[in-house]
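Welcome to this short tour of a protein chain. Have the sequence and the model open beside you, and we will walk through a few places together.

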Amino acid sequence: MESNTGDSTPLKFIAIMNVTAITKGRLRVESLDQSVCLYGNLTKICGNMRTTALVNPSSVTAAAASSPTPCSNASVRQYHEVVGDIVCPSQVRGIDHIRDPRLNKGLAFTLEERQILGIHGLQPARFKTMEEQLELCKIAVNRYMEPLNKYLYLADLADRNEHLYFRFLYDNIEDLMPIVYTPTVGLACQRFGLIYRRPRGLFITVNDRGHVFDILRNWPEPDVRAICVTDGERILGLGDLGANGMGIPVGKLALYTALAGIKPHQCLPVLIDVGTNSYDLLEDPLYVGLRQKRVVGKEYDDFIDEFMEAVVKRYGQNTLIQFEDFGNQNAFRFLDKFRNTYCTFNDDIQGTAAVAVAGLYASKRITNRNFADSTFVFAGAGEAAIGIASLCVKAMVDEGVDEKTALSKIWMVDIDGLLTTTRKKGTISTHQTKFAKDVEPLDKLEDIVTKYKPNVLIGASAAAGIFTPKILQTMAANNERPIVFALSNPTSKAECTAEQAYQNTDGRVVFSSGSPFPPVTINNKTFTPGQGNNAYIFPGVALGVIATGTHHIPEDMFLISAKELANFVEQSDLDRGSLYPPLKSIHEVSMRIASAITSYAYKEGLASTYPEPECKREWLKEQLYNFNYESSMPVTWAWPRMPYFKTRELQPQKLYGKTLH
């Protein structure tokens with residue numbers, strides 16, 4: 001079809017529907033039901049998209065004149081992106097089927113699929129099963145010696161074959177979790193400017209104020225159920241990494257799918273870029289974020305408010321928003337501000353607390369000591385430590401102890417020493433106040449441990465080596481089975497190593513860490529310490545919350561999660577020195593937590609998905625991601641044979657006085 005708008009050069013359009021007006025030199029297209037070939041910036045329109053487009057004819061004609069083969073593959077390729085997990089079989093064909101990571105199966109396409117999809121000949125003749133591909137993935141990733149190279153291989157696999165990537169994680173979670181999550185993800189964030197390849201989420205900058213909703217609309221998925229967001233101010237124990245912190249929400253949401261079966265298209269990583277206070281990054285030529293100091297105060301708060309409102313406007317009130325790696329002050333403020341008005345939680349505060357308390361629940365089977373019978377010293381008084389301490393108080397109250405008595409059992413230490421009501425150095429935040437004691441200040445952790453004789457020593461300080469041999473030996477002298485948790489990430493920030501903990505306690509320590517440590521042999525006995533990884537908690541919580549359409553997430557859900565995790569620990573796990581089950585069983589842990597969360601949500605009237613399912617577990621399983629390949633062929637089915645009816649002889653019909661044949 002050709003159209004002329006006063007210029008002698010024709011405009012060439014392919015399959016343009018409903019052209020309603022040509023006015024003032026501009027062509028208005030009210031709706032497009034098929035792909036459009038225009039010369040200019042409009043290069044693709046996905047199926048079923050109805051929009052209004054304004055096209056300047058002068059730019060179109062200029063482009064047309066410069067192209068000898070209009071609408072050839074060299075100039076425009078009709079590319080259909082898959083949205084959601086329901087694909088129209090006739091929508092995506094040809095090489096686009098291979099280029100889309102959700103549909104690509106590599107050499108696992110059958111001969112029939114290759115022929116009907118129009119990809120026959122684009123691949124070698126070999127046909128592989130998914131199991132054969134998984135073996136090849138294992139060989140490929142093991143060729144790399146550096147963890148960061150393994151991380152990059154997995155990122156590339158995710159970009160080209162989504163099902164194979166998540167199945168590979170699912171089957172090899174013990175080996176691969178340290179790569180896609182801590183500790184390697186910390187290194188990936190530090191090198192983010194060097195390894196960045198393609199978008200895996202949204203970067204929303206403070207310069208986009210007033211347009212956050214417009215940016216959310218740019219994300220192609222309409223069915224987002226979970227968002228993991230960070231502003232990069234406190235990435236693990238590495239400090240302010242600014243926009244480089246995007247690796248954290250990407251890694252977290254990958255575990256949503258790999259560990260709990262949440263569909264990947266329902267997950268959206270977001271980086272809120274308000275600048276960075278790291279001069280090293282500001283001067284780094286590879287830094288990918290805003291090159292400015294952090295925006296603070298009312299401007300920052302208003303921007304976060306806009307983000308939260310935009311999420312609800314775009315995806316609905318029940319969208320789960322997981323806050324991750326915000327600075328201590330902001331993390332607590334936003335949790336208090338949003339927890340009763342949005343479906344949100346902070347994994348650094350609440351997820352860390354749940355996994356640590358789960359370890360303490362499991363340790364009761366070793367020490368025969370309840371929470372209320374223990375004295376706790378926390379090295380660190382930031383969001384992780386406060387979160388753990390608060391959930392410990394809740395666990396003691398659950399045992400029948402009043403809150404005041406529970407608080408008296410907990411002593412907290414920060415960089416300025418013991419939290420007291422009388423100390424002059426440093427300041428105490430609102431959330432720290434309830435843990436401050438009316439005693440004389442003490443500056444040194446060693447003196448505090450010596451004086452107050454804790455049964456439990458928990459490190460969440462990001463201060464490497466702060467649990468000195470002397471402190472560990474004091475813990476062993478005061479307790480038959482001292483409990484020591486060195487929870488700081490990454491490994492380089494741990495308060496002590498597993499080897500140091502066992503060596504300085506004659507192998508009697510009940511130990512856990514935030515990062516993985518190798519086995520330790522003491523007195524001819526080998527201990528394999530468990531990692532208190534948040535991944536035991538947050539995927540299951542998220543699955544239960546998303547499935548039930550829960551409005552808000554109360555603290556009780558995390559105590560429930562801690563108990564479910566602790567109940568899954570076997571005696572054999574305790575015997576080998578671990579307070580947590582093997583990572584290979586984390587899928588079952590996630591399902592049990594999700595089932596418990598689901599039951600609680602319906603019991604407390606928090607769920608909005610009705611009717612309430614009778615069998616919660618089976619209902620959850622029906623909603624999970626399929627880690628295996630699905631057929632690329634259209635579904636066909638047979639109809640029953642119609643019964644025979646003798647029809648009348650066809651007679652001419654009259655319409656408006658005329659005889660029709």
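## A cavity and its lining

To read the cavity lining by class, count Ala, Val, Leu, Ile, Met, Phe, Trp, Tyr, Cys and Pro as nonpolar, Asp, Glu, Lys and Arg as charged, and the others, Gly among them, as polar. Please also keep in mind that this is a predicted model. The structure holds 1 cavity of 30 Å³ or more, and the volume of the largest cavity is about 80 Å³.

Which residues line the largest cavity? They are Leu360, Ser363, Lys364, Thr367, Arg369, Asn370, Phe371, Ser374, Phe376, Val456 and Ile483. Sorted by class, this lining has 5 nonpolar, 4 polar and 2 charged residues. Helix H15 (residues 347-367) supplies the largest share, with 4 residues.

## The chain overall

Stepping back, the chain has 26 helices and 21 strands. Of its 661 residues, 53% count as buried. Taking contacts between residues at least 6 apart in sequence, 68% join residues at least 24 apart.

## The annotated active site

Which residues does UniProt list for "active site"? The entry, which is unreviewed, gives Tyr181 and Lys252. They span 72 residues in sequence, yet no two of their C-alpha atoms are more than 7.2 Å apart, so they gather at one spot.

Tyr181 sits in the loop between helix H7 (173-180) and helix H8 (184-190), while Lys252 belongs to helix H11 (residues 247-260). Are these two buried or exposed? Tyr181 counts as buried because its relative accessibility is 6%, under the 20% cut-off. Lys252 counts as buried too, at 1% relative accessibility. Setting aside residues up to four places away in sequence, Tyr181 touches Lys252, Leu255, Asp347, Asn533, Asn534, Ala535 and Phe538. On the same basis, Lys252 touches Tyr181, Cys228, Gln322, Glu324, Asp347, Asn534 and Phe538.

## Helix H5 and its cover

Helix H5 (residues 147-160) has 14 residues and reaches 20 Å from its first C-alpha to its last, close to the 20 Å expected at 1.5 Å a residue. Its buried residues are Leu148, Lys150, Tyr151, Tyr153, Leu154, Leu157, Ala158 and Asp159.

What covers these buried residues of H5? The cover includes helix H4 (130-142), helix H6 (162-171), H7, H8, helix H9 (192-195) and H11. You have already met H11 as the helix that holds Lys252, and H7 and H8 as the helices on either side of the Tyr181 loop.

## Helix H16 and the glycine after it

Further along the chain, helix H16 (residues 383-398) has 16 residues. From first C-alpha to last, H16 reaches 22 Å, close to the 22 Å expected at 1.5 Å a residue.

The buried residues of H16 are Glu383, Ala385, Ile386, Gly387, Ile388, Ala389, Leu391, Cys392, Val393, Ala395 and Met396. Just after H16, Gly400 takes a positive phi of about 110°.

## Arg508 in its loop

For a last stop, look at the loop between helix H21 (498-503) and strand S16 (510-513), where Arg508 lies. Arg508 is partly exposed because its relative accessible area is 21%, and that class runs from 20% to 50%.

Leaving aside neighbours within four places in sequence, Arg508 is in contact with Ala476, Asn479, Glu480, Arg481 and Pro482. Arg508 and Arg481 are 27 residues apart along the chain, and 5.5 Å separates their C-alpha atoms.

Conventions: Residues numbered from 1 in each chain as written. Predicted model: local features only at pLDDT ≥ 70, side-chain atom pairs only at ≥ 80, totals over all residues. Heavy atoms only, no water. Helix = DSSP H or I, 4+ residues; strand = E, 2+ residues; numbered from the N terminus. Expected span 1.5 Å × (residues − 1). Buried < 20%, exposed > 50% of the residue type's maximum accessible area, 1.4 Å probe, protein only. 1 Å grid on protein atoms, 1.4 Å probe; cavity = no way out; pocket = protein on both sides within 12 Å on 5 of 7 lines; lining within 4 Å. Points joined across faces, edges and corners; volume = space filled by probe spheres on them. UniProt positions renumbered as here; feature names shortened; annotations may be inferred. Contact = heavy atoms within 4.5 Å.
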